[in-house]
Amino acid sequence: MKIRIGQGFDVHAFGPGEHIMLGGVRVPHTQGVIAHSDGDVALHALCDALLGALALGDIGQHFPPSDARWKDADSRALLRHCNDLLHAQGWQAGNCDITVICERPKVGPHAQAMREIIATDLGIAMDAVSVKATTSEKLGFTGRGEGIAAQAVCLLVRA
(Lines give C-alpha, C1' and ligand atoms only; values in the text may rest on other atoms or scores of the structure.)
Protein backbone atom coordinates (compact mmCIF):
# COMPACT_ATOMS: atom_id res chain seq x y z
CA MET A 1 0.00 0.00 0.00
CA LYS A 2 1.37 3.42 -0.95
CA ILE A 3 -0.86 5.56 1.28
CA ARG A 4 -2.37 5.32 4.72
CA ILE A 5 -4.95 7.47 6.48
CA GLY A 6 -5.22 8.10 10.21
CA GLN A 7 -7.59 10.06 12.39
CA GLY A 8 -7.25 11.32 15.94
CA PHE A 9 -9.25 13.07 18.63
CA ASP A 10 -8.32 14.73 21.92
CA VAL A 11 -10.10 16.68 24.63
CA HIS A 12 -9.05 18.54 27.77
CA ALA A 13 -11.04 20.27 30.47
CA PHE A 14 -10.29 23.88 31.24
CA GLY A 15 -8.70 24.65 34.59
CA PRO A 16 -6.54 27.28 36.26
CA GLY A 17 -4.21 29.30 34.03
CA GLU A 18 -3.95 32.24 31.69
CA HIS A 19 -3.12 30.50 28.40
CA ILE A 20 -3.43 27.25 26.50
CA MET A 21 -1.05 25.60 24.07
CA LEU A 22 -2.68 25.03 20.71
CA GLY A 23 -0.86 23.74 17.66
CA GLY A 24 2.42 24.61 19.36
CA VAL A 25 1.35 28.21 19.93
CA ARG A 26 0.87 29.81 23.35
CA VAL A 27 -2.64 31.26 23.07
CA PRO A 28 -3.78 33.75 25.74
CA HIS A 29 -6.96 32.62 27.46
CA THR A 30 -8.81 33.16 30.71
CA GLN A 31 -8.05 29.55 31.66
CA GLY A 32 -5.49 26.81 31.15
CA VAL A 33 -6.17 23.10 30.62
CA ILE A 34 -5.98 20.17 32.98
CA ALA A 35 -3.43 17.79 31.49
CA HIS A 36 -0.33 15.74 32.26
CA SER A 37 1.63 17.36 29.43
CA ASP A 38 1.06 20.89 28.10
CA GLY A 39 -2.42 19.74 27.01
CA ASP A 40 -2.17 20.80 23.36
CA VAL A 41 -5.33 19.17 21.97
CA ALA A 42 -4.46 19.99 18.34
CA LEU A 43 -1.05 18.31 18.47
CA HIS A 44 -2.36 15.41 20.56
CA ALA A 45 -5.09 14.71 18.00
CA LEU A 46 -2.50 14.92 15.22
CA CYS A 47 -0.15 12.52 17.04
CA ASP A 48 -3.03 10.06 17.41
CA ALA A 49 -3.80 10.37 13.70
CA LEU A 50 -0.18 9.67 12.75
CA LEU A 51 0.10 6.73 15.15
CA GLY A 52 -3.25 5.38 13.97
CA ALA A 53 -2.22 5.50 10.33
CA LEU A 54 0.75 3.30 11.25
CA ALA A 55 -1.35 1.01 13.47
CA LEU A 56 1.01 1.83 16.36
CA GLY A 57 -1.60 2.40 19.04
CA ASP A 58 -2.36 5.77 20.54
CA ILE A 59 -0.71 8.70 22.25
CA GLY A 60 -1.49 7.27 25.69
CA GLN A 61 0.54 4.14 24.92
CA HIS A 62 3.56 6.10 23.71
CA PHE A 63 3.43 8.93 26.26
CA PRO A 64 1.50 7.56 29.28
CA PRO A 65 0.42 9.99 31.98
CA SER A 66 1.84 7.53 34.51
CA ASP A 67 5.35 8.26 33.18
CA ALA A 68 6.93 11.27 34.91
CA ARG A 69 9.07 11.98 31.80
CA TRP A 70 5.98 13.39 30.09
CA LYS A 71 4.88 15.67 32.97
CA ASP A 72 4.41 19.16 31.49
CA ALA A 73 5.98 17.91 28.22
CA ASP A 74 6.04 20.17 25.18
CA SER A 75 3.64 18.53 22.71
CA ARG A 76 5.91 19.53 19.85
CA ALA A 77 8.40 16.99 21.19
CA LEU A 78 5.68 14.33 21.05
CA LEU A 79 4.82 15.31 17.47
CA ARG A 80 8.47 15.15 16.40
CA HIS A 81 8.79 11.71 18.05
CA CYS A 82 5.74 10.48 16.11
CA ASN A 83 7.25 11.89 12.92
CA ASP A 84 10.48 9.98 13.64
CA LEU A 85 8.41 6.79 13.97
CA LEU A 86 6.88 7.49 10.54
CA HIS A 87 10.26 7.95 8.92
CA ALA A 88 11.66 4.83 10.61
CA GLN A 89 8.97 2.80 8.88
CA GLY A 90 9.44 4.47 5.49
CA TRP A 91 6.50 6.90 5.64
CA GLN A 92 6.08 10.63 5.66
CA ALA A 93 3.11 12.90 6.22
CA GLY A 94 1.49 13.87 2.94
CA ASN A 95 -0.99 16.29 4.46
CA CYS A 96 -2.96 16.83 7.64
CA ASP A 97 -6.17 18.60 8.57
CA ILE A 98 -6.96 19.65 12.15
CA THR A 99 -10.22 21.03 13.49
CA VAL A 100 -10.27 22.64 16.94
CA ILE A 101 -13.67 22.61 18.66
CA CYS A 102 -14.32 25.36 21.21
CA GLU A 103 -16.27 28.54 21.85
CA ARG A 104 -13.15 30.30 23.14
CA PRO A 105 -10.37 31.13 22.62
CA LYS A 106 -10.64 32.24 19.03
CA VAL A 107 -8.38 30.05 16.91
CA GLY A 108 -8.37 32.05 13.66
CA PRO A 109 -5.82 34.68 14.73
CA HIS A 110 -3.35 31.89 15.60
CA ALA A 111 -4.02 29.36 12.82
CA GLN A 112 -1.25 30.56 10.51
CA ALA A 113 1.40 30.27 13.23
CA MET A 114 0.08 26.79 14.09
CA ARG A 115 0.33 25.72 10.46
CA GLU A 116 3.92 26.97 10.27
CA ILE A 117 4.93 25.07 13.41
CA ILE A 118 3.26 21.82 12.36
CA ALA A 119 4.72 22.00 8.84
CA THR A 120 8.19 22.59 10.31
CA ASP A 121 7.91 19.74 12.80
CA LEU A 122 6.63 17.30 10.16
CA GLY A 123 9.04 18.51 7.48
CA ILE A 124 6.27 19.16 4.97
CA ALA A 125 5.07 22.19 3.02
CA MET A 126 2.79 24.58 4.83
CA ASP A 127 0.14 24.19 2.13
CA ALA A 128 -0.15 20.55 3.25
CA VAL A 129 -1.26 21.61 6.75
CA SER A 130 -4.77 22.84 7.53
CA VAL A 131 -5.84 24.23 10.90
CA LYS A 132 -9.37 25.44 11.36
CA ALA A 133 -11.91 25.79 14.12
CA THR A 134 -15.58 25.39 14.80
CA THR A 135 -17.88 25.90 17.73
CA SER A 136 -20.43 23.44 19.02
CA GLU A 137 -23.13 26.13 18.92
CA LYS A 138 -23.07 26.40 22.73
CA LEU A 139 -23.99 22.70 23.07
CA GLY A 140 -22.15 20.17 25.20
CA PHE A 141 -19.02 20.67 27.30
CA THR A 142 -17.24 22.77 24.66
CA GLY A 143 -20.35 24.91 24.18
CA ARG A 144 -20.56 25.55 27.91
CA GLY A 145 -16.89 26.58 27.94
CA GLU A 146 -15.83 23.64 30.12
CA GLY A 147 -13.12 22.42 27.79
CA ILE A 148 -11.63 22.19 24.33
CA ALA A 149 -11.40 19.39 21.77
CA ALA A 150 -9.67 18.73 18.47
CA GLN A 151 -9.84 16.18 15.71
CA ALA A 152 -7.24 15.49 13.07
CA VAL A 153 -6.87 13.44 9.93
CA CYS A 154 -3.65 12.75 8.08
CA LEU A 155 -2.52 11.06 4.92
CA LEU A 156 0.78 9.20 4.93
CA VAL A 157 2.76 8.47 1.78
CA ARG A 158 5.72 6.19 1.23
CA ALA A 159 8.92 8.16 1.66
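**Entry 1: helix α3**

I began with the side of α3 that faces away from its buried residues, and found the exposed residues Asp84 and Ala88 there. I note at the outset that the model is a predicted one.

I then listed the buried residues of α3: Ser75, Leu78, Leu79, Cys82, Asn83 and Leu86. These residues cover an arc of only 140° around the axis, so they sit on the same side of α3. I recalled the general rule for such a pattern: an α-helix has 3.6 residues a turn, so residues three or four places apart point the same way.

Next I asked what covers the buried residues of α3. The cover includes α1 (41-53), α2 (59-62), β5 (91-101), α4 (108-122) and β7 (147-158).

I checked the length of α3, which runs over residues 75-88. Its 14 residues, at 1.5 Å a residue, should span 20 Å, and the end C-alpha atoms are 20 Å apart, which agrees.

I looked at both ends of the helix. At the N-terminal end of α3, aspartate 74 acts as a cap, with a side-chain oxygen 2.8 Å from the backbone nitrogen of arginine 76. Just after α3, I found glycine 90 with a positive phi of about 85°.

**Entry 2: helix α1**

I applied the length check to α1 as well: at 1.5 Å a residue its 13 residues should span 18 Å, and the end C-alpha atoms are 18 Å apart, which agrees.

How many of the 13 residues of α1 are buried? I counted 12, so the helix is mostly covered. The buried residues include Val41, Leu43, His44, Leu46, Cys47 and Asp48.

The N-terminal end of α1 is capped by aspartate 40, a side-chain oxygen of which lies 3.2 Å from the backbone nitrogen of alanine 42. Just after α1 comes alanine 55, with a positive phi of about 60°.

**Entry 3: histidine 44**

I singled out histidine 44, which is placed in helix α1. Is histidine 44 buried or exposed? Its relative accessibility is 6%, and histidine 44 therefore counts as buried, the cut-off for buried being under 20%.

The side chain of histidine 44 makes a polar contact of 2.8 Å with the side chain of serine 75, and Ser75 is one of the buried residues of α3. Setting aside neighbours within four places in sequence, I found histidine 44 in contact with Asp10, His12, Ser37, Asp38, Gly39, Ile59 and Ser75.

**Entry 4: the largest pocket**

I looked up the largest pocket and recorded a volume of about 180 Å³. It is lined by 14 residues, of which His36, Ser37, His44, Phe63 and Pro65 are the closest to its centre. At least two residues of the lining come from β1 (3-15), and at least two from α2.

**Entry 5: helix α4**

For α4 the expected span of its 15 residues, at 1.5 Å a residue, is 21 Å, and the end C-alpha atoms are 21 Å apart, which agrees.

The buried residues of α4 are His110, Ala111, Met114, Arg115, Ile117, Ile118, Ala119, Asp121 and Leu122. They pack against β2 (19-22), β3 (25-28), α1, α3, β5 and β6. Glycine 123, just after α4, takes a positive phi of about 70°.

**Entry 6: cysteine 96**

I turned to cysteine 96, found in strand β5. Cysteine 96 has a relative accessible area of 2% and is buried. Apart from neighbours within four places in sequence, its contacts are Leu46, Ile118, Leu122, Ala128, Val129, Ser130, Val153 and Cys154. Of these, Ile118 and Leu122 are among the buried residues of α4, and Leu46 is one of those of α1.

I also took a distance to proline 16, which is 80 residues from cysteine 96 along the chain: their C-alpha atoms are separated by 31 Å.

**Entry 7: backbone geometry in loops**

Which peptide bond did I record as cis? The bond from arginine 104 to proline 105 is cis, with omega near 0°. Proline 105 lies in the loop between β5 and α4.

I noted two positive phi values in residues other than glycine. Alanine 55 has a phi of about 60° and is placed in the loop between α1 and α2. At 67% relative accessibility, alanine 55 counts as exposed.

Lysine 138 has a phi near 65° and is found in the loop between β6 (129-134) and α5 (140-143). Lysine 138 counts as exposed at 58% relative accessibility.

Definitions and conventions. Residues numbered from 1 in each chain as written. Heavy atoms only, no water. Helix = DSSP H or I, 4+ residues; strand = E, 2+ residues; numbered from the N terminus. Expected span 1.5 Å × (residues − 1). Buried < 20%, exposed > 50% of the residue type's maximum accessible area, 1.4 Å probe, protein only. Arc of directions from axis to C-beta. Contact = heavy atoms within 4.5 Å. Polar contact = N/O pair within 3.5 Å; in protein donor to acceptor, adjacent residues only side chain to side chain. 1 Å grid on protein atoms, 1.4 Å probe; cavity = no way out; pocket = protein on both sides within 12 Å on 5 of 7 lines; lining within 4 Å. Points joined across faces, edges and corners; volume = space filled by probe spheres on them.
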